[in-house]
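User: Could you walk me through this one? I'd like to start with the ligand and then move on to the domains.

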Amino acid sequence: MKALIAAPDSPRGFQLAEVPEPVPAPDQVLVEVRHASVNHGEVRHLGFQPAGSVLGYDAAGHVVQAAENGTGPGVGERVVAFGAGAWGQRAAFGTDSVAAVPPSLDLAEAAALPLTGITALRTLRAAGSVLGRRVLITGASGGVGRMAVQLARLGGAHVIASVGSPERAEGLRDLGADEIVTGLDDIDTPVDLVLDNVGGNHLVTAWNLLRPGETLQSIGWASQEPATFPPNSIFALGAAKTLRSFGDISNPGPDLATLTDLAARGTITAQVGWRGPWTNLEDAITALLGRRVLGKAVLDIE
Ligand SMILES: NC(=O)c1ccc[n+]([C@@H]2O[C@H](COP(=O)([O-])OP(=O)(O)OC[C@H]3O[C@@H](n4cnc5c(N)ncnc54)[C@H](OP(=O)(O)O)[C@@H]3O)[C@@H](O)[C@H]2O)c1
């Protein structure tokens with residue numbers, strides 16, 4: 001079969017190549033992948049993948065071989081999946097890492113949900129109830145950001161969406177943003193939770209905007225800029241503020257099911273901002289890292 005594999009010595013860092021068919025473990029299903037999506041971290045760090053490994057994590061398609069141990073979906077079922085090696089014509093996924101795609105949800109949209117959706121869902125859940133709370137989301141124009149805006153609004157938050165330029169805010173009001181800011185300098189009221197996708201100066205400024213006793217959830221560092229905290233700036237009188245990391249993507253199946261259910265009912269939308277054949281991966285990467293994708297980039301697997 002064909003797959004997009006890591007090729008650290010090639011100029012693009014990847015290539016479309018013939019690879020052996022995946023051999024599913026007893027607790028894995030084999031999926032014929034129809035669509036896959038591109039995540040910021042996996043393309044930002046392409047050069048670090050072992051040569052020859054099949055790239056990608058987010059996929060949607062049809063089950064062509066059920067799991068030997070009897071768990072999970074059967075042959076022919078439409079599924080969304082999360083796991084290493086997703087960007088191939090076929091891929092093996094643990095049955096704890098797939099969810100059924102309801103008939104009303106397009107497979108290409110489903111493929112856009114896994115990593116960004118799980119990340120937004122889990123970081124919001126970790127914060128507890130956001131009902132009536134001021135939630136600041138940085139990098140709100142991107143994949144995680146657009147998911148987080150929708151889910152925070154669903155949880156009853158007052159959502160403040162931060163973007164890099166006014167054009168990048170397109171559609172955010174409809175997704176549930178109560179306030180849209182370009183940069184953080186114009187926010188003058190403290191916030192109760194930060195979901196930070198940008199890092200660098202955004203993280204430092206967002207920390208200062210955080211109310212005592214509350215949490216800044218660091219998700220990512222899209223800016224790749226260092227964060228410099230001036231001396232004593234971490235100190236604040238009153239209840240302690242918390243800075244949390246995120247990286248727990250284990251057992252994604254139940255959260256995938258939640259996301260596909262919400263998307264199938266139209267409660268959230270997948271926000272596919274770029275779509276094209278997998279032979280155009282380079283264009284997708286250029287657009288994503290060039291901050292020109294409103295949401296997710298989805299590849300059609302031929
Ligand atoms: N911890 C985890 O498990 C986890 C999971 C998923 C993602 N992440 C990380 O979280 C971050 C966001 O992921 P994503 O999928 O939302 O990425 P994305 O779709 O590329 O969005 C990133 C956003 O960051 C903003 N940004 C600000 N400064 C930037 C800069 N110098 N270069 C590029 N973007 C910049 C951009 O918004 P504007 O153009 O509006 O400024 C962009 O929309 C990434 O760093 C990713 O690696 C971590």
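User: What lies 2.7 Å from a polar side-chain atom of Arg 291?

Analyst: An oxygen atom of the ligand lies at that distance from Arg 291, within the 3.5 Å allowed between N or O atoms in a polar contact. This is a predicted model, in which local features need pLDDT of at least 70 and side-chain atom pairs pLDDT 80 or more, while totals for chains, interfaces and linings use all residues. Residues are numbered from 1 along each chain as its sequence is written, and side-chain values use heavy atoms, without hydrogens and water.

User: And how much of the ligand does the protein cover?

Analyst: On its own the ligand has 900 Å² of accessible area (Shrake-Rupley method, 1.4 Å probe), and the protein covers 87% of that.

User: Which residues come nearest to the ligand?

Analyst: His 40, Ser 141, Gly 143, Gly 164 and Arg 291 do, out of 24 residues around the ligand, counted when a heavy atom lies within 4 Å. His 40 also places a polar side-chain atom 2.7 Å from a ligand oxygen, and for Arg 168 the corresponding distance is 2.8 Å.

User: Switching topic, where do the domains run?

Analyst: Domain 1 covers 2-112 + 270-300 and domain 2 covers 116-244, with bounds from an automatic or database domain assignment.

User: How much area is buried between them?

Analyst: About 990 Å² is buried between domain 1 and domain 2, with carbon and sulfur atoms giving 54%; this is accessible area (1.4 Å probe) lost on putting the two parts together, summed over both. On the domain 1 side, Gln 271, Arg 291 and Leu 294 lose the most area to domain 2, together 47% of what that side buries.

User: How many residue pairs are in polar contact there?

Analyst: Across the interface of domain 1 and domain 2 there are 6 such pairs, both residues at pLDDT 80 or more.

Definitions and conventions:
Polar contact = N/O pair within 3.5 Å; in protein donor to acceptor, adjacent residues only side chain to side chain.
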